[in-house]
Amino acid sequence: MNLRNLIIAGILTAVSSVPAGAGEPVAYINPFIGTTNFGTTNPGALCPNGLMSVTPFNVMGSDLNVYDKDARWWSTPYEYHNRFFTGFSHVNLSGVGCPDLGSLLLMPTSGELCVDYKQYGSEYTLEEAHPGYYANHLTRYGIDTEVSATLRSSIARFTYTQGGESHVLLNLGEGLTNESGATVRKVSNTEYEGSKLLGGFCYYNRQGVFPIYFVIRVDKKPMQSGYWKKQRPMTGVEAEWDPDNGKYKIYSRYAKEMSGDDIGVYFTYQTQPGEQIQVQIGVSFVSTENARQNLDSEQQGFQFDRVAHQARQQWNDILSRVEVEGGSDEQKTIFYTALYHMLIHPNILQDVNGQYPAMESQQILTTKHNRYTVFSLWDTFRNVHPFFTLVYPQMQLDMAQSLIDMYNEWGWLPRWELYGNETLTMSGDPAIIMLADTWLRGLKGFDAETAYQAMVKSATAPGSENILRTDNDDYMKLGYVPLREQFDNSVSHALEYYLADFALSRFAADLGHKDDAKRFANRSLGYKHYYCKEYGTLRPLLPDGKFYSPFDPMQGINFEPSPGFHEGNAWNYTFYIPHDIDGLKRLMGGDKKFAAKLRKVFDENLYDPANEPDITYPYLFAQVKGEEWRTDSLVNVLLKKHFKNQPDGIPGNDDTGTMSAWAVFSMMGLYPDCPGIPRYTLTAPTFDRITLHLDPRYYKHETLVIECERPSADAIYVDRVEVDGKKLKGRFISHDELVNAGTLRFVLTNQKR
């Protein structure tokens, strides 16, 4: 066995308490799922909901790469088919569609010192990833790299197999962020500290800039360390006198503070063959002092194997809240990896001392509960947060309170929050939906009256003063949002408001605000304005109440611009009325015509599995008597088609776990079909037995067992469902019924029913 294999064998022994494949959830995780096909996940090392993540960065610097961040729109630090590695980025986003973060690039090299990433990058082989661990082999240098993480810090172990002059580089000029600028200062021969600017996510909030603070340490004193900086290009006589004109300048003697857009730090060693160098990085969004405290608190010395073992154990513990039996190893890998992806974001923001940057503020505050960040709420309110409510209720409550804290700090609930900044990405008022749904599912351990105050503010404030509903004047006056510009997403905006107002009406009713409940319920039915009988779809409206013309309900496919609709067309949105499907049926002429039109979406490939507004479509057949079997059939087909144990195993951007949550719920046999209505649509589970370990602080039963009797492999249709031995009527079960059921038993058949 060569040195590389010995290292991998040693780390796997260290981080696993049982042999691989012995049944622990971590044995089924494949971090490479979703790393191509624009899934935008990555195989980097991190802990559940951890602030720190350490990710191989392979999206810049070479024509060897299929996808390059500097040549096209690109939002992820890693792509499976790329081959040119330029370091490990620290603190990254998973499953998103816009670039940001992905900086602090750590790179080992050997030979003559080179600080230009286009020249020092390397191809790589022997790639390996497990929860909390990633490794590869840099072929250019013969260097084995390994990384792991704690909640707020990282550790890397580089083995220089060939020996000789060797280096550790920290590139502060590059990354995925749209911002530039960094500052770094030497603390000692083995430690530097500094900060780098991040921000600009999706380009909507141009002032959404924030610093990441860091401390970097190496475990061995280098022969030499210093800075580099790219010099500005000069012309004329000045250029003739400066040999560094437009080039990277190495600062080997200067040891004070360094700042610039394209700067870095290097450590140089004379290594023996097989010698290892370990590197730690601590981060904070408050200060370098906090970054150091985070590192000191979470790592005692340089103990790579211990950190990797603890990260793996954290993943095993949290994933074990859901146990599945039966099914194939392939299906278990798809399921547990999807659950793994769901538990990356939102991630904690506070440091070990409880400090965090307040929302849209210069203040530094202290929290007593976990303060979360990266709320892609337009995506995650649909299924991620209902799942957390069911399986991880304390975490969900802390997330709910985090949103309320943001309101207290800023005056608004967030739409798409990123490290204390509102990015203004996507549309609608999704925090209302998330908070109301959490409350209505029985988790009432947050400040409901403050939440209600915040909800009413965004629902009623005039557009000129409204961060979340800029077109609220039209919406409140007309009952719809008219098309005022060719591609203004007006229908999509209104549909999000209708659903938010529905959730708000339910929340208001539960709190005893009867008049508000009625007012917002009535507003939620304004979608009827948009229904066009001529096309049988929703259609944009003009300010005078007339339909927009000329109209093509297919316009908007494949993300082309579409009047009235955001990232989709009329077919992706027409059934996006989950709170009033009965009313939509009536508009369409009854159950049969509704079902026929819904079938058209699937028969003509109009369904987009990676587009949030229509991901509930397969479950809508369960609301038409005699058509329930189509839900079983479609979910079965879609799972097999779009979710695979392969790098392209997610149908598109994972959207911080939303696509993965669709798969997890669907494989469990239940789906939250409408936020604000605490219930689930039932369909055939993938596994023979699923055990949810419920939190006894919130639910009276310690477990919920979902059993599935499957007489044959082609038995994919639900014959009946039993709750504690009693037959359930229909295809729906309330949240209360589910968590109090004890056992939910499905009996399947191969007959369509």
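These legends go with a set of close-up views of a predicted model.

Residues are numbered from 1 along each chain as its sequence is written. Local features need pLDDT of at least 70 and side-chain atom pairs count only at pLDDT 80 or more, while totals for chains, interfaces and linings use all residues, and side-chain values use heavy atoms, with hydrogens and water left out.

**View 1. Helix α17 (residues 591–603) and what packs on it.** Helices here are DSSP runs of H or I with at least four residues, strands are runs of E with at least two, and both are numbered from the N terminus. The expected span of a helix is 1.5 Å times one less than its number of residues, so the 13 residues of α17 should cover 18 Å, and its end C-alpha atoms are indeed 18 Å apart. F594, A595, K597, L598, V601 and F602 are buried (under 20% relative accessible area; exposed is over 50%, partly exposed in between, with a 1.4 Å probe and protein chains only). These buried residues take up an arc of only 165° around the axis, which means they sit on the same side of α17 (the arc is that of the directions from the helix axis to the C-beta atoms). Over on the other side, K592, K593 and D603 are exposed. The cover on the buried residues includes α15 (570–573), α16 (581–588) and α19 (628–642). Just past the helix, N605 has a positive phi of about 55°.

**View 2. F575 and the largest nonpolar core.** Such a core is a set of buried Ala, Val, Leu, Ile, Met, Phe, Trp, Tyr and Cys residues joined through side-chain atoms within 4.5 Å. This one has 221 residues, and F575 is among those that touch the most other members, along with L319, L339, F387, Y419, L435 and W662. Helix α13 (residues 490–511) gives the most to this core, chipping in twelve residues. Skip the neighbours within four places in sequence, and the contacts of F575 include F594, K597, L598 and V601, as well as I581 and Y617 (contact means heavy atoms within 4.5 Å).

**View 3. The D305–R157 salt bridge.** A salt bridge puts a side-chain nitrogen of Lys or Arg within 4 Å of a carboxyl oxygen of Asp or Glu. For D305 and R157, the closest N and O atoms are 3.0 Å apart. The pair links distant parts of the chain, with D305 in helix α5 (residues 304–319) and R157 in strand β9 (residues 153–160), 148 residues apart. D305 is partly exposed at 31% relative accessible area, whereas R157, at 11%, counts as buried.

**View 4. E191 and R217, a buried salt bridge pair.** Here the closest N and O atoms are 2.7 Å apart. E191 belongs to strand β12 (residues 191–199) and R217 to strand β13 (residues 209–218). Through shared partners, salt bridges tie R185, E191, E193, R217, R292 and D296 into one network.

**View 5. Strand β31 (residues 689–693) and its partners β19 and β32.** Two strands pair if DSSP finds at least two bridges between them. Antiparallel β19 (residues 322–325) is joined to β31 by four bridges, with E325 opposite R689. Five bridges connect β31 to β32 (residues 703–709), again antiparallel, and H693 faces T703 there. In the flanking loops, D688 and R710 form a salt bridge, their closest N and O atoms being 3.9 Å apart.
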